[in-house]
Amino acid sequence: MNDQVPKTTLEQWATLQAVIDRGGFEAAADALRRSQSSVSYSLKRLQEQLPVSILSPQGRRTGLTEQGQVLLQRARFMLDEAHRLEQLAETLAQGWEAEVRVAIDIVMPPEPLLCALATFSAAAPQTRVQLMETVLSGTNEALLSQRADLAVTGLVPPGFLGDPLTQVTFLAVAHPDHPLSRSSRPLTLEDLRAHRQLVIRDTGRFRQVDSGWLDAEERWTVSHLLTAIAILKRGIGFAWIPRTHIREELKRGELATLTLAQGGERHETLYLVYADPIGAGPATRALGDLLTEQAQAHRAADPTDAPKTS
C-alpha cells in the first residue's frame, strides 16, 4: 500500500483530456468553464510534476507525445473511476441500495425486461443487479429464502402480495415436419401423449412442479427455453413455448403451432412481488416501477398475448 500523496491531481488530468479531446486550449477552456490562462497553467504544473514530456506542438494544435498518449489513456480510466465514485456517493446519499436481487421466471417476455434493465442502468449506474433466471417454484423459493428483493412469478407464494404484471401466452408447437404438425385433424390428448414432450426443469429444490406435463411416454427435461427451442427446431418433440420467445421461428417457418382439439393456447399471468413491500429500498422500488411501466408499454404495442375472449 502506497501512502504517498500523488504529485498530480485529477483536475490536471481532466484538463489534459479536455485539451486533447476538444482540439486546443480555447475549446477546452470553454468546455471546462475556465479561462484559457488557467488551463495553460494547469498543464504547465502537470508537466512539471512528470519526468517525461507529455505535450508536443503539432502545427497550430497541441498534441501528445508517445509517452503522453500512454499516460492519458491510463488517466481516462482514473477519471472514469472518479466519476463513478461520485455517482456512488450520490446514490448512497439518496439511500439507494448498493445491490438489487431480482428473480425472474424465464417465461417473462424479454423485451420489457431488457428495456427496464437498460433504463435502470442509466438511472442508477452504481447499483449492482443480481438477476436470477428461475423456473416455476424456483422463483418463489428465492423469495421465501430471502435471496431476492423482487420477483416476477406466475404463482404468488403464501404470505406475499403481488400485482399483475403481464400476460404470457403459451403455444403448442413443433417442427413443421413433425408428425403432429402434419395431422389432418385436431389433435387429442392421446395423440400428444404418443410423442416426445419437452419440459423445462423446475429450478426449485424442495417442491418441484411438473407444470404442463401430459404424462407423455417420452419426456425430455431441459434447463432453459433456448435449449427447448433449439431441440424443437430439430424436429425432436413438441412443447408449449411462450409466443414472445418464438416469434421469429414462427415467421421463418422453423416452428409451427399445433392444432389441438382443446388447449392449443395457454395463458398465464405473471405477478410482480416484493420480498418486503414495506421495507423495500428506493432502488428496488425503482426497478419494480420500471418493470411495470415497460410491461404496460409492451402490452399496448403488441396486444397479441392478451387472452382471447369469446
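# Strand pairing and helix packing: worked exercises

In this predicted model, strand 6 (residues 162–174) and strand 11 run antiparallel and are joined by 9 bridges.

**Exercise 1.** Starting from that pairing, identify the bridge partner of Pro 164 in strand 11, and then describe how strand 5 is joined to strand 11.

*Solution.* Begin with strand 6, where Pro 164 has Tyr 271 of strand 11 as its bridge partner. Turn next to strand 5 (residues 150–153), which runs antiparallel to strand 11 (residues 265–274) and is joined to it by 4 bridges. Finally, locate a facing pair within this second pairing: Leu 150 stands opposite Tyr 274 in strand 11.

**Exercise 2.** Describe the packing of helix 2 against helix 3, and explain why the two count as roughly perpendicular.

*Solution.* As a first step, recall that a pair of packed helices is described by the angle between the axes together with the distance between them. For helix 2 (residues 25–32) and helix 3, the angle is about 105° and the axes are 8 Å apart. Because angles of 65 to 115 degrees count as roughly perpendicular, helix 2 and helix 3 are therefore roughly perpendicular to each other. The next step is to list the contact, in which Phe 25, Glu 26, Ala 29 and Leu 32 of helix 2 meet Gln 36, Val 39, Ser 40 and Leu 43 of helix 3. Sorted by class, the residues of this contact comprise 5 nonpolar, 2 polar and 1 charged.

**Exercise 3.** Characterise the packing of helix 1 against helix 3 by its angle, its axis distance and the handedness of the crossing.

*Solution.* Helix 1 (residues 10–22) packs on helix 3 (residues 36–49) at an angle of about 115°, and their axes lie 9 Å apart. The crossing of helix 1 past helix 3 is left-handed. On the helix 1 side the contact is made by Glu 11, Gln 12, Trp 13, Thr 15, Leu 16 and Val 19, which meet Val 39, Ser 42, Leu 43, Arg 45 and Leu 46 in helix 3. This contact of helix 1 with helix 3 has 6 nonpolar, 3 polar and 2 charged residues.

**Exercise 4.** Place the hairpin of strand 1 and strand 2 alongside the annotation that UniProt gives for residues 8–65.

*Solution.* The unreviewed UniProt entry annotates residues 8–65 as "domain: HTH lysR-type". Over residues 8–65 the chain is 60% helix and 14% strand, with the end C-alpha atoms 18 Å apart. Strand 1 (residues 55–58) pairs with strand 2 (residues 61–64) in the antiparallel sense over 4 bridges, and Leu 55 stands opposite Leu 64 in strand 2. The hairpin has 2 residues between the strands, and in it Gly 59 takes a positive phi near 70°.

Key:
Residues are numbered from 1 along each chain as its sequence is written. This is a predicted model: local features need pLDDT of at least 70, side-chain atom pairs count only at pLDDT 80 or more; totals for chains, interfaces and linings use all residues. Side-chain values use heavy atoms; hydrogens and water are left out. UniProt positions are given in the numbering used here, feature names are shortened, and annotations may be inferred rather than shown by experiment. Axes are lines fitted to C-alpha atoms, for helices over the stretch in contact, and angles run from 0 to 180 degrees between N-to-C directions. A crossing is left-handed if the near helix is turned anticlockwise from the far one by less than a right angle, and right-handed if clockwise. Contact means heavy atoms within 4.5 Å. Ala, Val, Leu, Ile, Met, Phe, Trp, Tyr, Cys and Pro count as nonpolar, Asp, Glu, Lys and Arg as charged, and the others, Gly among them, as polar. Two strands pair if DSSP finds at least two bridges between them. Angles under 35 degrees count as roughly parallel, over 145 as roughly antiparallel, 65 to 115 as roughly perpendicular and the rest as oblique.
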